[in-house]
Amino acid sequence: MTIDSRIWQGVLAGLAFGAVNFWLLIRIVRGMVESQKIKPWKTFLSFAVKIALLALTIGLLLKKGYVSPLPFIAGFTVSLVLGVAVIALKTSKNSPENP
């Protein structure tokens, strides 16, 4: 039994976009946490640009039919869940309660 290539393309595109989205979120939040002086307008602008570019790119991919919507959403969701799980595992390993 083989899976249609459009399904794999959708899943892989979703995984890639989810991973990039998660990486950008981590960079923005880390910059906010490590900054001595947080500039609210800069943080807002970072989030707004990230969301706009992500929405535009995903919208074009789905509207033009380059990827199937359901596999794309599945891959996007899986990448975000895996990102959160990895961060949670790293945090729990580094916590003082778990030597």
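## A walk through a three-helix model

G65 counts as partly exposed, because its relative accessibility is 30%, a value that lies between the 20% and 50% cut-offs. This glycine sits in the loop between α2 and α3, and it makes a handy starting point for a tour of what is a predicted model. From G65 you can look across to R27: the two are 38 residues apart in sequence, and their C-alpha atoms are 31 Å apart in space.

Let us step back to the overall fold. The protein has 3 helices and 0 strands, so there is no sheet to trace when strands are counted as DSSP runs of at least two residues. Read from the N terminus, the order of elements is α-α-α. Helix α1 covers residues 5–34, while α2 spans 40–63 and α3 spans 69–94.

Now for the overall dimensions. Along the principal axes, the C-alpha atoms occupy a box of roughly 50 × 40 × 10 Å. The radius of gyration is 17 Å, whereas a compact globule of 99 residues would come out near 13 Å. Buried residues account for 21% of the 99 residues. The protein exposes about 7,600 Å², and 72% of that area is supplied by carbon and sulfur atoms.

How do the parts of the chain meet? Among contacts with a separation of 6 or more, 73% are between residues 24 or more positions apart. A second loop residue gives another view across the model. K39 lies in the loop between α1 and α2, and with 42% relative accessibility it counts as partly exposed because that value falls between the two cut-offs. From K39 to L89 there are 50 residues along the chain, and the C-alpha atoms of this pair are separated by 30 Å.

Next, let us go inside. The largest nonpolar core is made of 7 residues, namely A13, L54, I58, L61, V67, F72 and F76. Both α2 and α3 supply at least two residues of this core, and the largest share, 3 residues, comes from α2. A13 is a useful member to follow: once its neighbours within four places in sequence are left aside, A13 is in contact with V67 and F72, both of which also belong to the core.

The loop between α2 and α3 deserves a second visit, since S68 is found there too. Is S68 buried or exposed? S68 counts as buried, because its relative accessibility of 15% is under the 20% cut-off. Which residues does S68 touch, beyond its neighbours within four places in sequence? Its contacts are R6, G10 and L62.

Finally, come back out to the surface. I3, I7, W8 and L12 make a nonpolar surface patch of about 400 Å². One of these residues, L12, is placed in helix α1. L12 counts as exposed, because its relative accessibility of 52% is over the 50% cut-off. It is worth displaying L12 alongside A13 in your viewer: L12 belongs to the surface patch, whereas A13 is part of the nonpolar core.

Methods. Residues are numbered from 1 along each chain as its sequence is written. This is a predicted model: local features need pLDDT of at least 70, side-chain atom pairs count only at pLDDT 80 or more; totals for chains, interfaces and linings use all residues. Side-chain values use heavy atoms; hydrogens and water are left out. Helices (H or I, at least four residues) and strands (E, at least two) are DSSP runs, numbered from the N terminus. The radius of gyration is taken over C-alpha atoms; the globule rule is 2.2 Å times the number of residues to the power 0.38. Buried means under 20% relative accessible area, exposed over 50%, partly exposed in between (1.4 Å probe, protein chains only). Contact means heavy atoms within 4.5 Å. Accessible areas come from the Shrake-Rupley method with a 1.4 Å probe; for residues, only the protein chains shown count as cover. A nonpolar core is a set of buried Ala, Val, Leu, Ile, Met, Phe, Trp, Tyr and Cys residues joined through side-chain atoms within 4.5 Å. Patches are made of residues with over 30% relative accessible area and no salt bridge: like charges are joined within 9 Å, nonpolar side chains (Val, Leu, Ile, Met, Phe, Trp, Tyr) within 5 Å. A salt bridge is a side-chain nitrogen of Lys or Arg within 4 Å of a carboxyl oxygen of Asp or Glu.
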